[in-house]
Amino acid sequence: LNGRYMLRSLVMEMREELTPESHLQSAVPSTLQGLEQELLSLMVMASTHCPIVLVVDGLEKLPPADPVRSMLWIPKVLPAHVRLIVSATTDFYTPQILQRFQTNNIVHLGNLAE
């Protein structure tokens with residue numbers, strides 16, 4: 001699993017939905033910084049008529065050294081009409097990650113295997 005590949009997939013899917021006429025005309029960024037910027041520029045296109053819900057599952061499966069794992073690519077404040085659902089194991093959420101987001105937006109589901 002590769003974080004850059006995951007972000008690239010998000011960008012490509014969002015381009016296809018939000019700008020279907022142009023999603024094939026320009027290259028998808030290859031750098032992590034370029035992908036982050038592209039993702040944010042696509043997020044701000046959300047509206048009441050076209051809300052965005054991003055679902056990211058299993059971030060803890062990324063290698064510990066993968067920079068996407070830190071979740072720094074997610075804006076501290078999401079643009080209007082954008083929602084983000086991230087699922088990961090409880091031990092994935094370090095204090096550094098939890099400090100980036102409002103704790104009232106974090107839902108702990110406990111062990112789902114029980």
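User: Which element gives the most to the lining of the second largest pocket?
Analyst: In this predicted model, local features need pLDDT of at least 70 and side-chain atom pairs count only at pLDDT 80 or more, while totals for chains, interfaces and linings use all residues. Two elements, α1 (3-18) and β1 (52-57), each supply at least two residues of this lining; helices (H or I, at least four residues) and strands (E, at least two) are DSSP runs numbered from the N terminus. With five residues, the greatest contribution comes from α1.

User: Which residues line the second largest pocket?
Analyst: Residues are numbered from 1 along each chain as its sequence is written, and side-chain values use heavy atoms, leaving out hydrogens and water. A pocket is an open set of points on a 1 Å grid over the protein atoms alone, where a 1.4 Å probe fits, with protein on both sides within 12 Å along at least five of seven lines; lining residues have an atom within 4 Å of a point. The lining consists of Leu10, Glu13, Met14, Glu17, Leu18, Cys50, Pro51, Ile52, Val53, Leu54 and Val55.

User: Which element gives the most to the lining of the largest pocket?
Analyst: The largest pocket has 30 lining residues, and those lying nearest its centre are Val86, Tyr93, Asn105, Ile106 and Val107. Both β2 (82-87) and α3 (95-100) supply at least two residues of the lining. Six residues come from the element that gives the most, β2.

User: Which residues does Ser87 touch, not counting residues up to four places away in sequence?
Analyst: Ser87 is part of strand β2. The contacts of Ser87 (heavy atoms within 4.5 Å) include Tyr93, a residue that also lies among those nearest the centre of the largest pocket. The full set touched by Ser87 is Val56, Asp57, Gly58, Leu59, Glu60 and Tyr93.

User: Is Ser87 buried, partly exposed or exposed, and why?
Analyst: Relative accessible area decides the class: buried means under 20%, exposed over 50%, and partly exposed in between (1.4 Å probe, protein chains only). Ser87 has a relative accessibility of 28%, and therefore counts as partly exposed.

User: How far apart are the C-alpha atoms of Ser87 and Met43?
Analyst: Along the chain, 44 residues separate Ser87 from Met43. In space, the distance between their C-alpha atoms is 20 Å.

User: With which residue does Arg15 form a salt bridge?
Analyst: A salt bridge is a side-chain nitrogen of Lys or Arg within 4 Å of a carboxyl oxygen of Asp or Glu, and a search of the whole structure finds one. Its closest N and O atoms are 2.8 Å apart. The pair links distant parts of the chain, 23 residues apart, with Arg15 in helix α1 and its partner in helix α2 (residues 32-43). That partner is Glu38.

User: Is Glu38 buried or exposed, and why?
Analyst: Its salt-bridge partner, Arg15, has 5% relative accessibility and so counts as buried. For Glu38 the relative accessibility is 18%, and this residue therefore also counts as buried.

User: What pattern does the protein chain follow along the sequence?
Analyst: The chain holds three helices and two strands. In sequence order, their pattern is α-α-β-β-α.

User: What share of contacts in the protein chain between residues at least 6 apart in sequence join residues at least 24 apart?
Analyst: The C-alpha trace spans about 45 × 30 × 25 Å along its principal axes. Of the 114 residues, 36% count as buried. Among the contacts asked about, the share joining residues at least 24 apart is 73%.
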